[in-house]
Amino acid sequence: MIKFSRLFNGIQNQIRYTKLYLTVPYSNQHILGIETSADDTGCAIVNNKGELLAESLHSQNLIHLRNGGIIPDVAQDLHRTYIKPIVSETLRKATMSMEDISAIAVTLKPGLPLSLVVGMKYAKHLARRFNKPIIPIHHMEAHALTARMYYNIPFPFLVLLISGGHCLLAVAQDVNHFQLLGQSIDSAPGEIFDKVARKMKLRNISEYSKISGGKAIELAASKATNPHMFKLPLPLAEYKDCNFSFNGLKTSVLLQLHRKEKQHEIIADKLIPEVNDLCAAMLMAASRHLIHRTQRAMEFCEKNNLIPESNKQLIVSGGVACNNYIFNALTMLCDETNYKIYRPPPKLCTDNGVMIAWNGLEKWRKGLDITTDIKTLDIEAVSPLDIAMRRAR
Ligand code: KG4
Ligand code: ZN
């Protein structure tokens, strides 16, 4: 009974807002997006044409770099401090007030519960106060769709999401319909880059002291002179699926690092002299693995007719997609397989409010998941892409 009435309310809300959407003049529709799933407090406003009107971001990156990783309580405190100023700043930049906003899109899953809850509570507060609907957003779905804000990429397409928390391959069939082909069975690539960079003590070099581990490894790798001096394994080479594994690679790199530290009798905060070569070897091995699995996914799509010949497109996103070496390696694969490759502008590959506002707009245009029944909305720390999408359909 309860379930049925909820379902009915949901349908009622959806119909109401689909009608509202049809009656409000096209150019006057604005979606405000809020992102707080990890360590970035982001907000943005897009209009119905998909134009970005304003954005603001507070990154906690530096604080967590100092702490050696995200401490959830610290992240929550910072989100609480910045959420109101960041939303107000975004409205101010767009010369708008909440009255001008048609709906609030907010990340509800997946992510750190203590972080997610701050965005959700603030979105609910705004929705109640200004009588606006909410559009719940799946963080990974948002990463997958951002490139469509800049390029005409029709569905279906293949998507590779690589970040500090995720690594997956999926076919995006529609705005909230994804088919998961494979994912990491252990760590994400950004996670191992961050861990290895810490163990290498890269942030003791001032050039790398204020950037993420992944970015530091990319920069150090670009200075390598002999990357082939380190031999690293190709993970899951024997497995004919589309999954990833990065833990073995991390262990191999750390083993080589310890060997060199011993050999050079490295003490305290000093770095090994071959650090650039080891970074390059790691980056090459990670790229090889990403290419190997993406190629398998392309073959799987072809065998199962998941992507028509005319739609052979790969979108790469997530923080690790900022890496030019990885992107260039994937571009070479796409050249060979006749795929077109896209990635959002690098600053939109990492977490931000724009991707949430854009995903909100994609749902708004199709009348999907728009609700005023906000008390039923809640966060979910874990939410596999395809299951979340199937449930939402
Ligand atoms: O998408 P994102 O902002 O947050 C997550 O959802 O994880 O990604 C952050 C991750 C970090 O692990 C960071 O080290 C990595 O992206 N990253 C990079 C680069 N820039 C950021 N990894 C490799 N190369 C880069 N240039
Ligand atoms: Zn992310």
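These notebook entries cover the site of ligand 1 and the packing of several helices.

**Entry 1: the model.** I am working from a predicted model.

**Entry 2: the shell around ligand 1.** I started with the neighbours of ligand 1. I found 20 residues around the ligand. The closest are G164, D194, E218, G319 and N323. I then sorted the shell by class. Polar residues number 12, with four nonpolar and four charged residues beside them.

**Entry 3: which helices supply the shell.** I looked for helices that give at least two residues each to the shell around ligand 1. Helix 5 (139-145) does so, as do helix 6 (189-200) and helix 7 (213-221).

**Entry 4: polar contacts of ligand 1.** Which atoms of the ligand pair with E218, and at what distance? I found a nitrogen atom of ligand 1 at 2.8 Å from a polar side-chain atom of E218. I checked N323 next. An N or O atom of the N323 side chain sits 3.0 Å from a nitrogen atom of ligand 1. At G214 I looked at the backbone. A polar backbone atom of G214 is 3.1 Å from an oxygen atom of the ligand. I then looked up how much of ligand 1 is covered. On its own the ligand exposes 550 Å², and the protein buries 89% of that area.

**Entry 5: helix 7 against helix 9.** Helix 7 supplies at least two residues of the ligand shell, and I followed its packing. Helix 7 packs on helix 9 (residues 275-303) at about 110 degrees. Their axes are 7 Å apart. An angle from 65 to 115 degrees counts as roughly perpendicular, and helix 7 and helix 9 are therefore roughly perpendicular to each other. I noted the hand of this crossing as left-handed.

**Entry 6: helix 6 against helix 9.** How do the directions of helix 6 and helix 9 relate? I read an angle of about 165 degrees between them, with axes 12 Å apart. That makes helix 6 roughly antiparallel to helix 9. Helix 6 and helix 9 cross in a right-handed sense.

**Entry 7: helix 3 against helix 4.** I turned to helix 3 (residues 72-93) and helix 4 (residues 113-130). Their axes come within 8 Å and cross at roughly 25 degrees. Helix 3 is therefore roughly parallel to helix 4. I recorded this crossing as right-handed.

**Entry 8: recap.** Helix 9 packs with helix 7 and with helix 6. Both helix 6 and helix 7 contribute at least two residues to the shell of ligand 1. E218 and N323 are among the closest residues to ligand 1, and I have side-chain contacts to nitrogen atoms of the ligand for E218 and for N323.

Conventions. Residues numbered from 1 in each chain as written. Chains lettered and ligands numbered in written order. Predicted model: local features only at pLDDT ≥ 70, side-chain atom pairs only at ≥ 80, totals over all residues. Heavy atoms only, no water. Near = heavy atom within 4 Å. Polar contact = N/O pair within 3.5 Å; in protein donor to acceptor, adjacent residues only side chain to side chain. Areas by Shrake-Rupley, 256 points an atom, 1.4 Å probe, with all protein chains shown as cover. Helix = DSSP H or I, 4+ residues; strand = E, 2+ residues; numbered from the N terminus. Nonpolar A, V, L, I, M, F, W, Y, C, P; charged D, E, K, R; others polar. Axes fitted to C-alpha atoms, helices over the stretch in contact; angles between N-to-C directions. Parallel < 35°, antiparallel > 145°, perpendicular 65-115°, else oblique. Left-handed = near helix turned anticlockwise from the far one by under 90°.
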